[in-house]
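I opened my notebook beside the viewer today and worked through a few spots. Here are my entries, in the order I made them.

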Amino acid sequence: MTVEAPVASAREPRWRPRSAAETELAHVGVDERMRIGRGTRRAVSRSSHGDWQPAPDRRDPIDLLEEQAGERLPELNPIRYGRMLVSAFTFFRGAAYVMASDLAGEPRTSLQTQLCGDAHLSNFGTFAGPHRRLVFGLNDFDETLPGPFEWDVKRLVASFEVAGRDRGFAAPKREAIDLAVACSYRQAMRRFAELPTLELWYIHIDRSIEEIVAEWSSRVSRRQLRRFERDIAKARARDSLRAFAKLTRLVDDRPRIISAPPLIVPIEELAGNEHPERIERGVHALINYYGGTLPGDRRRLLGRYRYVHAARKVVGVGSVGTRAWIMLMLGRDPGDPLLLQMKEAQPSVLERFLTPSVFANHGQRVVEGQRLMQATSDIMLGWIRTTEWVDGIDRDFYVRQLWDGKGRVPVDVMDPEGLRSYGELCGWALARAHARAGDAVAISAYLGSGRSFDRAMALFAGRYADQNERDYDALRRAVESGRIEAQTGL
C-alpha cells in the first residue's frame, strides 16, 4: 500500500495577491447598485433559471466522478461509491462536480459572492462558536470559491427536492418546500440589503440553537422536536473529550488512536518500515507550519499541547478518497485532549468552470472562505502544505477541531412542514453568508419583491432532481456491470 503519511513541505506556502479589482469594492451609491441588480435581469432573466435541460453534449456523469477519483486514494474510492449508492439523495451529496459541470453550461448572472460550492441541506448544521454556544449555519466549505450567487441557491433548493422525494413526499408538498427555501433566501437578502454596512458585518445570523427550538416548537410535531432536542444534546457532547473516549485506547499506558481499517488507519501502519523518528520529525514540522497560519493568541494556545498520535480517517460522502487525518494532542495532563482534523483541500469543483482561486494553497482557500461566510468559526482553523514522502507531491490541507458541537438536523424523520421549516432556516443562513461576502443590495434588486425567482428555483429543482435520478441509475448500472467498484456498508 502506498504510504500517505504527512510531512511538512520545506517550501513556504505560496500566495498570489489579489488584484485591485478583486480587493476593492465599487464605492457607488445604493441607487446605482440597485440599478445594476435590476439591469442584470435583461442579461439573465429570473424566470430563465427554471429552463434547465441537460445539454445535448452533456458529459457522462460516471466519467466525471472517475475524473475526480483520479486525484484521490484509489483504495478508498470504492467506499465513496458505496456511500453514494445508498440513495438518490446520497448520490446528490457526492455529485457536486457533476452539478457544477451542468451549471457551467447555463447563463449566469454577473452578481458575484463567495460561494459555499456545495450548499446542499446536509452541509448546514450546528457547531460551537468561540462563545461555546451552539449555533446553526453552513459548516462545509471544501468547494468554496467566488462565483454567481445563484449557483449555491440552485444546489440548495435542488437538495430539498431530492430529499423530499427520498422521504416519499407528494409533488405538491415538495414544490411548496422548494418555493419556501427560495422565498426565504430572497426575503432575507432584502432585509440584509437594508442594513448599514458595519451592522451587516457584525450581525450574527448563525442563529443559536435555543432560538431555533423556540421558533420551531409551534411549527413541527412533538416527535420531530424531541428528536431535534436529542440530536442537539448529542452535538453538545461532541467535543475533544468525547472524541478521545471513542477513538482512542491505552497502549503501554499511552493513548493511541484505535485501528479500524479501512476507515481509521494509524500513521505507523501506513508508514510501514519508515523510521518512527522520521515520522515524529515530520509531524512536528507540520505542527509548526500549521501554527504559523494561526493568529498569535491561537499559536500560544496550540503551543500548550504536545503531539501524541495520528491516523488517517475516512470522512463524509463526497469527500471520501481525499486524504484526511486526525491528530491527537494532550495539554496539561492525559485528561486534557485536543483532536484536530487535517482534511485535504483539492481544487474546488467550481474552479474548472469559474476563475481559479487566488490562493495557491487550497487549504487557505477553504479557511478564508469559511471565515468570510460564517459569523463565527472554529478558533483552530488553519492550513498546511505537506509533501508525501513516497510520491513527493505537494498537497494542501485545512485544519480544524475534529468535533466541536458539530451536528445535523434530523431530516430523515421530518414531515413536509418540518422540512419546510428547515428549508427556510437554510435559505436564511445562505443569504446571510452571501450578503456578508457579496453585494446584498444588487442581489436583492435582481431578486425583486415578487415570486418570479422562487418559481424558477422550484422548477429548476424538479428538473434537476429528475436528472439526478438518471445519474444515480447510471452509477448503479456502472457498478453492476463492473465498470467501477463499490464497497457498501462502510
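**Entry 1: a helix pair**

I began with helix 3 and helix 4, whose crossing is right-handed; for that label the near helix is turned clockwise from the far one by less than a right angle, and anticlockwise would make it left-handed. Helices here are DSSP runs of H or I with at least four residues, strands are runs of E with at least two, and both are numbered from the N terminus. Before going on, I noted that this is a predicted model, where local features need pLDDT of at least 70, side-chain atom pairs count only at pLDDT 80 or more, and totals for chains, interfaces and linings use all residues. I also noted that residues are numbered from 1 along each chain as its sequence is written, and that side-chain values use heavy atoms, with hydrogens and water left out.

Helix 3 spans residues 61–69 and helix 4 spans residues 77–84; I found them packed at an angle of about 140 degrees, with axes 11 Å apart. The axes are lines fitted to C-alpha atoms over the stretch in contact, and angles run from 0 to 180 degrees between N-to-C directions. Which residues meet here? From helix 3 I listed Leu 65, Glu 66, Gln 68 and Ala 69, and from helix 4 Asn 77, Arg 80, Tyr 81 and Met 84; contact means heavy atoms within 4.5 Å.

**Entry 2: strands 9, 10, 11 and 13**

Next I looked up strand 10 (residues 324–330), where 7 of its 7 residues are buried, meaning under 20% relative accessible area with a 1.4 Å probe and protein chains only. Ala 324, Ile 326, Leu 328 and Leu 330 lie on one side, with Trp 325, Met 327 and Met 329 on the other. That fits a general pattern: in a regular strand the side chains alternate between the two faces of the sheet.

How many bridges join strand 9 to strand 10? I got 6, with strand 9 (residues 306–313) running antiparallel to strand 10; pairing requires at least two DSSP bridges. Arg 312 stands opposite Trp 325 of strand 10.

Strand 10 also pairs with strand 11 (residues 337–344), antiparallel over 7 bridges, and a hairpin of 6 residues links the two. I picked out Met 329, whose bridge partner in strand 11 is Leu 338.

In strand 11, 8 of its 8 residues are buried. Pro 337, Leu 339, Gln 341 and Lys 343 point one way, and Leu 338, Leu 340, Met 342 and Glu 344 the other. Strand 11 pairs with strand 13 (residues 394–401) too, in the antiparallel sense over 5 bridges, and there Lys 343 has Tyr 398 as its bridge partner.

**Entry 3: Leu 115**

Is Leu 115 buried or exposed? This residue of strand 1 (residues 112–115) is buried, with a relative accessible area of 0%. Leaving out residues up to four places away in sequence, I found that Leu 115 touches several others, including Pro 146, Phe 149, Trp 151, Leu 350, Met 373 and His 434.

**Entry 4: the whole chain**

I closed with totals: the chain has 19 helices and 13 strands, and buried residues make up 58% of its 490 residues. Among contacts between residues at least 6 apart in sequence, 78% join residues at least 24 apart.

How values were computed
Buried < 20%, exposed > 50% of the residue type's maximum accessible area, 1.4 Å probe, protein only.
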